[in-house]
Amino acid sequence: MPDLNHLNPEVRARMKELAKFWLTRGVDGLRVDGSRYLIETGSNKLNGGQRDTPETHAYWREFSAYVRSIKPSAVIVGENWVPLKRSDTAILASYYGSTKQIPGGDELSMNFNFPLSGRIIGGLKDGRAEPIVDKLKDMIELYPPGVIDAPFLTNHDMSRIANELVGHRGRLGVAAAILLTVPGSPYIYYGEELGLKDGKTDHEDRHKRTPMPWTGGPKGGFTTGTPWYGFAPDHGRLNVASELRDRRSLLNWYKALIAARKASRALREGTLTLLPAAPPQPTIVAYLREVAGERVLIVHNVGTKAVKGFVPGIASQQILELLYSGSAHPPRRTPAGWALDLPPLSSAAWRLL
């Protein structure tokens, strides 16, 4: 991959020409790769000037202003892969830039949320809510107001979520429910909605990008010719046609989640307030999504055991089920709050009336 000199005015002008070329032909946005490493100066003692330099941030402000001048509605999504530690969200937050003059920030419109991805996977592997809750706290505290997050589970460079969670239907279902009920504009890597695994486990990129299995046939409904590469394991079962017929399939759960999100402005645009369970429950992730005129309570049990408890401090006379992955009874209103009875590895959302 070429390493361009973005300090060169001719290079900057050419990058703007390329952006204009696509934006004027109907493209709605751009994904920028390795956007922390654009201008490497060697002047920063902390990291050797190889990432997150002031010059890089200045470039994104200039480039984003140009993109807005061509197409004000266009978005720029940054692939800012950051280490999984407390400072990772602070680094991501810096790439939105200032929100004083430009709503959503004057640098990148969105940033792929690698920290949240890592915490969702880790939390579900261990059956612990704390990593997920802590990362949501970081986002609330560190993101500039009004920015748009870009949550995801895995991408084309990563081992697929089904590999990470060993194809466990319950864990995959909760991961999807978290993704599609947190704030932002969620990204779904093709095949995640089927539980698709890597083609092989040797970590080569091509094995993470196998053809999409639309059917269980030899060519998978992908082509009438010969697929460019072999299908992932078990495509005879994990394909669109088969899962559409199965009411309890992962694909139909994704469809239900997307339908619930479309039906709820609070899930699409609302704020997020974390809610502690009472007594404290180490496997419960609970939060309130709220927008003018609508409040939605979301609860996930990331553990392998059923949980009973309360969500205190929710003033509501009635609730309306918006989404439920388990078979337990809906919450019961009590003087202490709403009483919960959650099956293992389950997710639910209720509109508060």
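# Strands and helices of a predicted model

L272 stands opposite R289 in strand β5. This pair belongs to the antiparallel pairing of strand β4 (residues 271–274) with β5, which extends over four bridges. The structure described here is a predicted model.

## Strands β4, β5 and β6

Strand β5 covers residues 284–291 and is mostly covered, since seven of its eight residues are buried. Besides β4, β5 pairs with strand β6 (residues 294–301); this pairing is antiparallel and comprises eight bridges. Within the pairing, V285 of β5 faces H300 in β6. The two strands form a hairpin with two residues between them. In that turn, G293 has a positive phi of about 90°.

## The sheet β7-β10-β9

An open sheet is formed by three strands in the order β7-β10-β9, with antiparallel pairing. Strands β7 and β9 (332–334) stand at the edges with a single partner strand each, so one side of each lacks a neighbour in the sheet. From one strand to the next, the twist averages 30°.

Strand β10 (residues 337–342) pairs with β7 in the antiparallel sense over five bridges. Here V311 is placed opposite W338 in β10. On the other edge, β9 and β10 run antiparallel and are joined by three bridges. W338 appears in this pairing too, as the bridge partner of R333. As a general matter, strands of a sheet pair through backbone hydrogen bonds, in either the parallel or the antiparallel sense.

How do the side chains along strand β7 (residues 307–311) point, and which of them are buried? They alternate: V307, G309 and V311 point to one face and are buried. K308 and F310 point to the other face and are not buried. Such alternation between the two faces of the sheet is what a regular strand shows in general.

## The sheet β1-β2-β3

Another open sheet has three strands in the order β1-β2-β3, and its pairing is parallel. The edges are occupied by β1 (29–32) and β3 (110–111); each has a single partner strand, so one side of each is left without a neighbour in the sheet. Strand β2 (residues 75–78) pairs with β3 in the parallel sense over two bridges. V77 stands opposite M110 in β3.

The strand pairings for which bridges are given are set out below.

| Strands | Sense | Bridges | Opposed residues |
|---|---|---|---|
| β4 and β5 | antiparallel | four | L272 and R289 |
| β5 and β6 | antiparallel | eight | V285 and H300 |
| β7 and β10 | antiparallel | five | V311 and W338 |
| β9 and β10 | antiparallel | three | R333 and W338 |
| β2 and β3 | parallel | two | V77 and M110 |

## Helices α7 and α9

Helix α7 (residues 169–179) packs with helix α9 (residues 250–263) at an angle of about 20°, and their axes are 10 Å apart. Because of this angle, α7 is roughly parallel to α9. Their crossing is right-handed. From α7, the residues R169, L172, G173, A176 and A177 meet L250, W253, Y254 and L257 of α9. By class, this contact of α7 with α9 has seven nonpolar residues, one polar residue and one charged residue.

## Helices α4 and α5 and the loop between them

The axes of α4 and α5 come within 8 Å and cross at roughly 160°. The two helices are therefore roughly antiparallel. The crossing of α4 and α5 is left-handed. On the α4 side, P115, L116, R119, I120 and G123 take part, and they meet P131, I132, K135, L136 and M139 in α5. The residues of this contact divide into seven nonpolar, one polar and two charged.

R128 lies in the loop between α4 (114–126) and α5 (130–142). Is R128 buried or exposed? With a relative accessible area of 35%, R128 is partly exposed, because this class lies between the cut-offs of 20% for buried and 50% for exposed. Apart from its neighbours within four places in sequence, R128 is in contact with G123, P282 and V302. Of these, G123 is also one of the α4 residues that meet α5.

R128 can also be placed relative to the hairpin described above. R128 and E294 are 166 residues apart in sequence, and their C-alpha atoms are 29 Å apart in space.

Note on methods. Residues numbered from 1 in each chain as written. Predicted model: local features only at pLDDT ≥ 70, side-chain atom pairs only at ≥ 80, totals over all residues. Heavy atoms only, no water. Buried < 20%, exposed > 50% of the residue type's maximum accessible area, 1.4 Å probe, protein only. Pairing = 2+ DSSP bridges. Axes fitted to C-alpha atoms, helices over the stretch in contact; angles between N-to-C directions. Parallel < 35°, antiparallel > 145°, perpendicular 65-115°, else oblique. Left-handed = near helix turned anticlockwise from the far one by under 90°. Contact = heavy atoms within 4.5 Å. Nonpolar A, V, L, I, M, F, W, Y, C, P; charged D, E, K, R; others polar.
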